[in-house]
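The following exercises ask you to read a protein model step by step, from its overall make-up down to single side chains. Please work through each task before turning to its solution.

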Amino acid sequence: MDDLFTWAALGSLAGASAATLLATNVIGGLIGPSGDKLRKWIAIVIALLLSYLTAAFADEAGGEKWIIAFFNALVIFSAALGVNQFPPGNRQATPTQVASGREPKIFRSWV
């Protein structure tokens, strides 16, 4: 049991983002193809729940812990879904080459 998720692991960034990613994919998979559009919303809800749950158990923090918990949830969400990656519209396309006719016919498209 010590090798799986623990309360201490869920309180860390790596554990919370892994749990968010795992739960999001399982729930989205159970919903089916329509769950693909909901995955981002499922992920933010889970990240918020984990972050506020962790803040609820933090005794040494004051009232500002609830504000910090919100921003921690955004970090968890970003780490889980890879929001820090460039959006698809900003990625450079991989250049493609058109066959020049010099390649043997076996290696060119026959279509």
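**Exercise 1. Describe the secondary structure and the overall exposure of the protein.**

Solution. Begin with the element count: the protein has four helices and zero strands, and, read from the N terminus, the order of its elements is α-α-α-α. Keep in mind throughout that the model is predicted. Next, turn to burial: of the 111 residues of the protein, 23% count as buried. The surface can then be characterised by its area and its chemistry, since the protein exposes about 8800 Å², of which carbon and sulfur atoms supply 66%. Finally, consider how the chain meets itself: among contacts between residues at least 6 apart in sequence, 41% join residues at least 24 apart.

**Exercise 2. Compare the record's annotation of residues 42-59 with the geometry of the model.**

Solution. Start from the record: the unreviewed UniProt entry lists residues 42-59 and 66-86 under "transmembrane region". Then examine residues 42-59 in the model, where the chain is 89% helix and 0% strand, and where the end C-alpha atoms lie 28 Å apart.

**Exercise 3. Classify Ser17 as buried or exposed, and find what surrounds it.**

Solution. First locate the residue: Ser17 is placed in helix H2. Then apply the cut-off: Ser17 has 10% relative accessibility and therefore counts as buried, the limit for that class being under 20%. Leaving aside residues up to four places away in sequence, Ser17 touches Ile76, Ala79 and Ala80. As a last step, look at the polar part of the side chain, a polar atom of which lies 3.2 Å from the backbone oxygen of Ala14.

**Exercise 4. Describe the setting of Ser12 and of Ala8, and relate each to a residue distant in sequence.**

Solution. Take Ser12 first: this residue sits in the loop between helix H1 (7-10) and H2, and its relative accessible area of 30% makes it partly exposed. A polar atom of the Ser12 side chain is 3.1 Å from the backbone nitrogen of Gly15. Although Ser12 and Ser51 are 39 residues apart in sequence, their C-alpha atoms are 9.7 Å apart in space. Ala8, in turn, belongs to helix H1 and, at 63% relative accessibility, counts as exposed. Its partner for the second distance is Thr54: the two are 46 residues apart in sequence, and 9.6 Å apart in space from C-alpha to C-alpha.

**Exercise 5. Determine the exposure class of Lys65 and list its contacts outside the local sequence.**

Solution. Lys65 lies in helix H4, which covers residues 65-81. With a relative accessible area of 15%, Lys65 is buried, because the class requires a value under 20%. When residues up to four places away in sequence are not counted, Lys65 touches Ala55, Ala56 and Ala58.

**Exercise 6. Which residues form a nonpolar patch on the surface, and why can Leu22 be one of them?**

Solution. The patch is formed by Phe5, Leu22, Val26 and Leu30, which together have about 410 Å² of accessible area. Leu22 itself lies in helix H2, which covers residues 13-31. To see why Leu22 can qualify, compare its relative accessible area of 48%, a value that makes it partly exposed, with the requirement that patch residues have over 30% relative accessible area.

Conventions: Residues are numbered from 1 along each chain as its sequence is written. This is a predicted model: local features need pLDDT of at least 70, side-chain atom pairs count only at pLDDT 80 or more; totals for chains, interfaces and linings use all residues. Side-chain values use heavy atoms; hydrogens and water are left out. Patches are made of residues with over 30% relative accessible area and no salt bridge: like charges are joined within 9 Å, nonpolar side chains (Val, Leu, Ile, Met, Phe, Trp, Tyr) within 5 Å. Accessible areas come from the Shrake-Rupley method with a 1.4 Å probe; for residues, only the protein chains shown count as cover. A salt bridge is a side-chain nitrogen of Lys or Arg within 4 Å of a carboxyl oxygen of Asp or Glu. Helices (H or I, at least four residues) and strands (E, at least two) are DSSP runs, numbered from the N terminus. Buried means under 20% relative accessible area, exposed over 50%, partly exposed in between (1.4 Å probe, protein chains only). UniProt positions are given in the numbering used here, feature names are shortened, and annotations may be inferred rather than shown by experiment. A polar contact is a pair of N or O atoms within 3.5 Å; within protein, one must be able to donate a hydrogen and the other to accept it, and residues adjacent in sequence count only if both atoms are side-chain atoms. Contact means heavy atoms within 4.5 Å.
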